[in-house]
Amino acid sequence: MSFPNHDPGNPNSMAPSQAPNDPYLSHGATTQPAPDRGRWWAGASVGAVAALVASGVMLWAGRRWDGVVVTQLISERLTELLPLAVFRRALDALESDAKPLLLVGLILAQVLVGAVVGLLYVGFARRGLRARFVGAASLAALAWLILSLVAAPLGDIGLFARDVSGDVWRTQLPFLLGALVFGCILAAVAPWPGEPLRQAGADVQLSRRRFAAFAGLALPALAAGLYIGRYARHLRVKSPTPAMLPAASGGDFQFAGMPPRITPTEQFYVVSKNFVDPTVDGTQWQLEIGGLVRTPLTLSYTDIWTRPAVTFTSTLECISNPIGGDYISTAVWSGFPLRSLLDEAGLQDGVVDIELRAADGYVESIPLSEALAADTMLVHTMNGQPLDDSHGFPARLIVPGIFGMKNVKWLTGIYAVNHDVQGYWQERGWSDVATVVTMSKFTTPQARTRHPVNQTIMLGGVAFAGDRGIRLVEVSTDDGATWQRAELDEVISPLSWRLWQSAFTPLQPGDLFVQVRATDGEGALQIDKHRPTLPDGATGYHRIRLTIVDARAND
């Protein structure tokens, strides 16, 4: 066999062992070959998977140790920067899907950043086991610095999370774990410069090892994807379907589709700003009463439980509850007036607002007049049991007549201030007054259902007007042309909703529209003009379509 390009007497000629397509020898020991297109894609893919797994780890760690989640930090700044009109359209279009979609979108953004880092990394990485360790440490340090110097300040918790409420390590531990996972996966699996991705002959074994490494990423990627997807679904169903009576149980207002007068705790609606709600340790929790007071107070969980308590029934409604929506529930609460704490602390002159702070960093405020109202209560018990985590354990505020966003959960601080405090949602364009607007809705029958002609249909639902009460509910079975008075259930409490019912017998087949409206205890009729939830709460009559069918036509 001859080699035409090889001259044994010429040291610069090409030897058989130095074939032009040998990526390891033809470039020398220290020269880095430029990655081909396949290697670029491999680096980007590994970086994307590393970021996905790291995101899942940080979400898990944030939940596990009650720390800060990076997606939460970014989302809070994003919602603050979004134009109000965009925020309103997104909220109206997505409703309860908004939070899970935001979580998934932010995770995908992190995956994209990981892909870019992986793509760049394969262009600079060096061969060798030692280089792998150096690369992993460098990538982990880079990821940690991005989280600490970019994400943390964006989330308003300062450089390196120094301004976070609670222990800094609860934030830094998820950051460190996520950074280490990202760095180790990318450095371990990304292809070396000059490493064959698809070769024959002597390189088949190496290629198989590379394939095994890529395939090995599937398991953590699948686990992270399933965990994130499952948690996004948890956010979607965080507010459970409201409890409805499954069948007639005897007595008025107790037929199928009607809600119970008192909402079971597990069916009470849940809304918060968080992807991960805090879990507060009652043995370590303290409530601080400070600001413009003569005697600052610090109370423990035992302190609030040993104070004389009163029990009352009150309805809560979220300001983002759409017309006919389910973000409204009623419970029996136990606690004591906020005024008693403020009197004990002794308010100084010039107080304008009472600022409220929570364990999740949430900030709200209520005017001093509301804080001193006899029915503004600090509660620790719900439906006969201590508050659970989702409803504000160890303590929350109940402010009748004001939408739920000011009924702060997970309270940690109450401060008297001499200015109007713009809270978390006010900074994002929502109402500062947040007075509950009169609402009424159908809970039965469901819209777009079919009913036989000449058979009675029981219409029913709830009406609510905050602390103003409900005087009258009316229904229309001809799309608003005429109105008939509905029957009202007994008054459960001056602060709660009222159930209503009305029997209706359709006389001819076809589609019809039914509406409902309420008049509050002060004689003011519910606003008929439709407006969106943002910024002051939705208004307009609840209107549903029913289809009346001739029973004989179905025989």
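These exercises, each with a worked solution, concern a predicted model.

**Exercise 1. Helices H4 and H8**

Task: Work out how helix H4 and helix H8 are oriented to each other, and which residues make the contact.

Solution:
- Locate the helices. H4 covers residues 98–124 and H8 covers residues 218–236.
- Read the geometry. The two pack at an angle of about 155°, and their axes are 8 Å apart.
- Apply the cut-off. Angles over 145 degrees count as roughly antiparallel. H4 and H8 are therefore roughly antiparallel to each other.
- List the contact. H4 supplies Lys99, Pro100, Leu103, Val104 and Ile107. H8 supplies Ile228, Tyr231, Ala232, Leu235 and Arg236.
- Sort by class. The contact of H4 with H8 has eight nonpolar residues, two charged and no polar.

**Exercise 2. Helices H2 and H4**

Task: Classify the crossing of helix H2 with H4, then sort the contact residues by class.

Solution:
- Locate H2. This helix spans residues 70–81.
- Read the geometry. The axes of H2 and H4 come within 10 Å and cross at roughly 110°.
- Apply the cut-off. Angles of 65 to 115 degrees count as roughly perpendicular. H2 and H4 are therefore roughly perpendicular to each other.
- List the contact. From H2 come Val70, Thr71, Ile74, Ser75 and Leu78. From H4 come Leu102, Leu103, Leu106, Ile107 and Gln110.
- Sort by class. Seven are nonpolar, three are polar and none is charged.
- Look back at H4. Leu103 and Ile107 appear in the contact with H2. Leu103 and Ile107 also appear in the contact with H8.

**Exercise 3. Arg132**

Task: Decide whether Arg132 is buried or exposed, and find a backbone partner for its side chain.

Solution:
- Place the residue. Arg132 sits in helix H5, residues 129–154.
- Check accessibility. The relative accessible area of Arg132 is 11%. The cut-off for buried is under 20%, so Arg132 is buried.
- Find the partner. A polar atom of the Arg132 side chain lies 2.5 Å from the backbone oxygen of Ala187.

**Exercise 4. Aromatic pairs**

Task: Describe the pairs Trp60 with Trp65 and Tyr269 with Tyr327.

Solution:
- Take the total. The model has twelve aromatic pairs.
- Take the Trp pair. Trp60 and Trp65 lie 5.3 Å apart, centre to centre, with 75° between the planes. This pair is edge-to-face.
- Add accessibility. Trp60 is partly exposed at 40%. Trp65 is partly exposed too, at 23%.
- Take the Tyr pair. Tyr269 and Tyr327 lie 6.2 Å apart, centre to centre, with 40° between the planes. This pair is tilted.
- Place the Tyr residues. Tyr269 is in the loop between H8 and strand E1 (286–291). Tyr327 is in the loop between strand E3 (310–317) and strand E4 (328–337). The pair therefore ties together parts that are 58 residues apart in sequence.
- Check burial. Tyr269 and Tyr327 are both buried.
- Extend the picture. Ring pairs link Phe268, Tyr269, Tyr327 and Trp333 into a cluster.

**Exercise 5. Backbone details in loops**

Task: Find the cis peptide bonds at Pro445 and Pro535, and the positive phi values at Asn383 and Asn454.

Solution:
- Start with Pro445. A cis peptide bond joins Thr444 to Pro445, with omega about 0°. Pro445 is in the loop between strand E11 (439–444) and strand E12 (449–452).
- Go on to Pro535. A cis peptide bond joins Leu534 to Pro535, with omega about 10°. Pro535 is in the loop between strand E18 (510–520) and strand E19 (542–549).
- Take Asn383. Its phi is near 50°. Asn383 is in the loop between strand E7 (377–382) and strand E8 (385–386). Its relative accessible area is 25%, partly exposed.
- Take Asn454. Its phi is near 65°. Asn454 is in the loop between E12 and strand E13 (457–464). At 51% relative accessibility, Asn454 counts as exposed.

**Exercise 6. Ile304**

Task: Describe the surroundings of Ile304.

Solution:
- Place the residue. Ile304 is in helix H9, residues 301–306.
- Check accessibility. Ile304 is buried, at 0% relative accessible area.
- List the contacts. Beyond neighbours within four places in sequence, Ile304 touches Trp285, Leu299, Phe336, His380, Pro394 and Ala395.
- Add a distance. The C-alpha atoms of Ile304 and Gln286 are 10.0 Å apart, across 18 residues of chain.

Key
Residues are numbered from 1 along each chain as its sequence is written. This is a predicted model: local features need pLDDT of at least 70, side-chain atom pairs count only at pLDDT 80 or more; totals for chains, interfaces and linings use all residues. Side-chain values use heavy atoms; hydrogens and water are left out. Axes are lines fitted to C-alpha atoms, for helices over the stretch in contact, and angles run from 0 to 180 degrees between N-to-C directions. Helices (H or I, at least four residues) and strands (E, at least two) are DSSP runs, numbered from the N terminus. Angles under 35 degrees count as roughly parallel, over 145 as roughly antiparallel, 65 to 115 as roughly perpendicular and the rest as oblique. Contact means heavy atoms within 4.5 Å. Ala, Val, Leu, Ile, Met, Phe, Trp, Tyr, Cys and Pro count as nonpolar, Asp, Glu, Lys and Arg as charged, and the others, Gly among them, as polar. Buried means under 20% relative accessible area, exposed over 50%, partly exposed in between (1.4 Å probe, protein chains only). A polar contact is a pair of N or O atoms within 3.5 Å; within protein, one must be able to donate a hydrogen and the other to accept it, and residues adjacent in sequence count only if both atoms are side-chain atoms. Rings of Phe, Tyr and Trp (its six-membered ring) pair if their centres lie within 6.5 Å; planes under 30 degrees apart count as stacked, over 60 as edge-to-face and the rest as tilted.
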